[in-house]
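Colleague: I am new to reading protein structures and would love a close look at one part of this one. Could you pick a single spot and then walk me outwards from there?

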Amino acid sequence: MHNNESLSVFIPRVFPNISTERIKHAFEHLKIGVINRIDLVPKTNQRGEKYNIAFIHLHNWCENIAALKFKRKVFDQDKRATLMYEKPWYWIILPSRSPARKYTSTATTNDNDESEERGST
């Protein structure tokens with residue numbers, strides 16, 4: 001895994017009422033990583049529902065067993081990494097393949113991805 005990949009992750013679907021502060025708190029409270037920056041990209045699906053995509057740029061990963069296991073899951077294509085931010089709500093966390101840059105555009109997507117889910121992990 002490359003350094004850029006190891007320090008950036010991506011949440012494909014975040015409810016529009018979720019702030020960058022809430023995402024940062026979830027990562028840091030669970031001692032997964034120290035956040036450098038979070039970029040939220042507004043999206044609208046085919047049904048007109050608004051949501052955000054989140055790019056999380058970490059300063060560093062925390063050095064503990066839980067963070068190491070989480071990081072391995074994120075970068076293992078055969079696994080599904082999730083982060084429960086408020087029971088039973090969680091995000092699917094994926095490796096970011098995008099270069100670390102500030103996103104400011106609003107876009108429409110045709111996918112019906114339901115990556116912010118309710119349920120247990």
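Modeller: Let's start at N52, which sits in strand β3. Keep in mind as we go that this is a predicted model. Is N52 buried or exposed? Its relative accessible area is 10%, and since buried means under 20%, N52 counts as buried because it falls below that limit. Now look at what surrounds N52. Leaving aside residues up to four places away in sequence, N52 touches I11, P12, R13, V14, F15 and P16, and also L40, V41 and P42.

Two neighbours of N52 in the sequence, Y51 and I53, are among the five residues of a nonpolar core, and so are F10 and V41. That core lies apart from another one, which is the largest in the protein and has 22 residues. Which members of the largest core touch the most others? They are I23, F27, I56, W91 and I93. Several elements give two or more residues to this core: the helices α2 (20-29) and α3 (65-75), together with the strands β1 (8-14), β2 (33-44), β3 (50-61), β4 (81-86) and β5 (89-95). Our starting strand, β3, gives the most, with four residues.

From here, follow I93. Not counting residues up to four places away in sequence, I93 touches V9, F10 and I11, then F27, then F70 and V74, and finally A81, T82 and L83. Just before I93 in the sequence comes I92, which is found in strand β5. I92 is buried too, with a relative accessible area of 11%. Try finding F10 from there: I92 and F10 are 82 residues apart along the chain, yet their C-alpha atoms are separated by 8.4 Å.

One of the contacts of I93 deserves its own stop, namely L83. L83 belongs to strand β4, and it is buried, at 2% relative accessibility. With residues up to four places away again left out, L83 touches A26, F27, L30 and I32, as well as F70, and W89, Y90, W91 and I93. For F70 you can also check a distance: the C-alpha atoms of L83 and F70 are separated by 8.7 Å, and the two residues are 13 apart along the chain.

F70 takes us to helix α3, where the buried residues are A67, F70, V74 and F75. Why do they line one face of the helix? Viewed down the axis of α3, they fall within an arc of 120 degrees, so they share one face. Turn to the other side of α3 and you will find I65, K69 and R72 exposed. At the start of this helix, a side-chain oxygen of N64 comes to within 3.1 Å of the backbone nitrogen of A66.

Finally, step back to the whole protein. There are three helices and seven strands, and along the sequence they follow the pattern α-β-α-β-β-α-β-β-β-β. Buried residues make up 40% of the 121 residues. Among contacts with a separation of 6 or more, 68% are between residues 24 or more positions apart. As for the outside, the protein exposes about 7400 Å², and carbon and sulfur atoms supply 49% of that area.

Technical notes:
Residues numbered from 1 in each chain as written. Predicted model: local features only at pLDDT ≥ 70, side-chain atom pairs only at ≥ 80, totals over all residues. Heavy atoms only, no water. Core = buried A, V, L, I, M, F, W, Y, C linked by side-chain atoms within 4.5 Å. Buried < 20%, exposed > 50% of the residue type's maximum accessible area, 1.4 Å probe, protein only. Contact = heavy atoms within 4.5 Å. Areas by Shrake-Rupley, 256 points an atom, 1.4 Å probe, with all protein chains shown as cover. Arc of directions from axis to C-beta. Polar contact = N/O pair within 3.5 Å; in protein donor to acceptor, adjacent residues only side chain to side chain.
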